[in-house]
Amino acid sequence: MATPKLALFWLLLQLLALAFSFFPQACTARSINKPCGFTFCGNLNISYPFRLKTQPRSCGRKMFELVCDNNRTIFPMEHGSFHVQHIFYDNQTIHIVDVNVDSHNNCSIPLSSLPSEFGFYTTTYGEMFVMNCSMKINKSWCGANYINASRCSSFPPTNNNYLYFLDGGTVPSAFHPSCTVEALVPIGLHNIGDLSTFDIYQKLMMGVPISWSFNHDPQDWSSVVNV
């Protein structure tokens, strides 16, 4: 017959095994999201929380994984990609430009959106809709200004559709029935209603400062282990 102390020991052992089944990461806590020094892509310093795709997965954070392509840093996201111009670690700001704008194709349209779950501060930038419309629209409709999104002088339709910029603060009731939202694009101002197509692209090519925020320290599972 098991003594009370032995029974208690087995009970604690089972509880510990159960805890690790819920928190398997605790076993490798010290290697998760750890700083791995720094590396370079061109002249850009890549440090924690960022990492290059070629670095070990234990370095940096997955959501801040960058790609180095011909010495140019690309920030791939779920809905498009951005070129990274600068990273300011002291104030946690990254300066980015839509890859479609920062390209040699002067007729390309910005279509890259920022994912909301990244926790970027929207105080540092605004957003605008890229509307895909099946018919040509006069500049103003329901009080909203539909600005030609094409940089090409001939303004050709794309797949028989027309693309327009619409201020990000536009209410859905002002969306033309023939239009759907193609993208919600970041831009370095909070209202585009009175701008021309040229003005908008000039602003887009200047890039957007995006700030992020989270605990600098890598995930610490010590409290989980202690529990």
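# Exercises on two sheets and their surroundings

An open sheet of 6 strands runs in the order 3-4-5-6-7-14, and its pairing is mixed. The edge strands are strand 3 and strand 14 (208–211), each of which pairs on one side only. Helices (H or I, at least four residues) and strands (E, at least two) are DSSP runs numbered from the N terminus, and two strands pair if DSSP finds at least two bridges between them.

The model is predicted, so that local features need pLDDT of at least 70 and side-chain atom pairs count only at pLDDT 80 or more, while totals for chains, interfaces and linings use all residues. Residues are numbered from 1 along each chain as its sequence is written, and side-chain values use heavy atoms, with hydrogens and water left out.

## Exercise 1: strands 3 and 4

Task: Find in which sense strand 3 and strand 4 pair, and which residue of strand 4 stands opposite Leu 52.

Solution. Step one is to recall that strands of a sheet pair through backbone hydrogen bonds, either parallel or antiparallel. Step two is to look at the pair itself: strand 3 and strand 4 pair in the parallel sense, over 2 bridges. Step three is to look across from Leu 52, where Leu 66 of strand 4 is found.

## Exercise 2: the salt bridge

Task: Determine how many salt bridges a search of the whole structure finds, and describe where the residues of the pair formed by Glu 65 are placed.

Solution. A salt bridge is a side-chain nitrogen of Lys or Arg within 4 Å of a carboxyl oxygen of Asp or Glu. With this criterion, the search of the whole structure finds 1 salt bridge. Glu 65 forms a salt bridge with Arg 51, and their closest N and O atoms are 3.1 Å apart. The pair links distant parts of the chain, for Glu 65 lies in strand 4 (residues 65–69) and Arg 51 in strand 3 (residues 51–52), 14 residues apart. As a last step, consider accessibility, where buried means under 20% relative accessible area, exposed over 50%, and partly exposed in between (1.4 Å probe, protein chains only). Arg 51 counts as buried because its relative accessible area is 4%.

## Exercise 3: backbone angles in the loops

Task: Decide whether the peptide bond from Tyr 48 to Pro 49 is cis or trans, and whether Asn 71 and Gln 92 are buried or exposed.

Solution. Begin with the general expectation that most residues other than glycine have a negative phi, and most peptide bonds are trans. The peptide bond from Tyr 48 to Pro 49 is cis, with omega near 15°, and Pro 49 is placed in the loop between strand 2 (44–47) and strand 3. Next comes Asn 71, which is not a glycine and yet has a positive phi, near 65°. Asn 71 sits in the loop between strand 4 and strand 5 (72–77), and it counts as exposed because its relative accessibility is 56%. Gln 92, also not a glycine, has a positive phi of about 55°, and its place is in the loop between strand 6 (80–88) and strand 7 (93–98). Gln 92 is buried, because its relative accessible area is 16%.

## Exercise 4: the antiparallel sheet and Asp 167

Task: Give the order of the strands in the open sheet of 4 strands, and then find which backbone nitrogen the side chain of Asp 167 reaches.

Solution. The sheet of 4 strands is open, has the order 11-12-8-13 and is paired in the antiparallel sense. Its edge strands are strand 11 and strand 13 (179–187), each pairing on one side only. Between strand 11 and strand 12 the antiparallel pairing extends over 2 bridges, and the bridge partner of Ile 147 in strand 12 is Phe 165.

Now turn to Asp 167, which lies in strand 12 (residues 162–167). Asp 167 is buried yet has no salt bridge, and the nearest side chain of opposite charge, Lys 139, is 12 Å away. In this count Lys and Arg are positive and Asp and Glu negative, while His and the chain ends are not counted. The side chain of Asp 167 does, however, reach the backbone nitrogen of Gly 169 at 3.0 Å, which falls under the term polar contact (a pair of N or O atoms within 3.5 Å; within protein, one must be able to donate a hydrogen and the other to accept it, and residues adjacent in sequence count only if both atoms are side-chain atoms).
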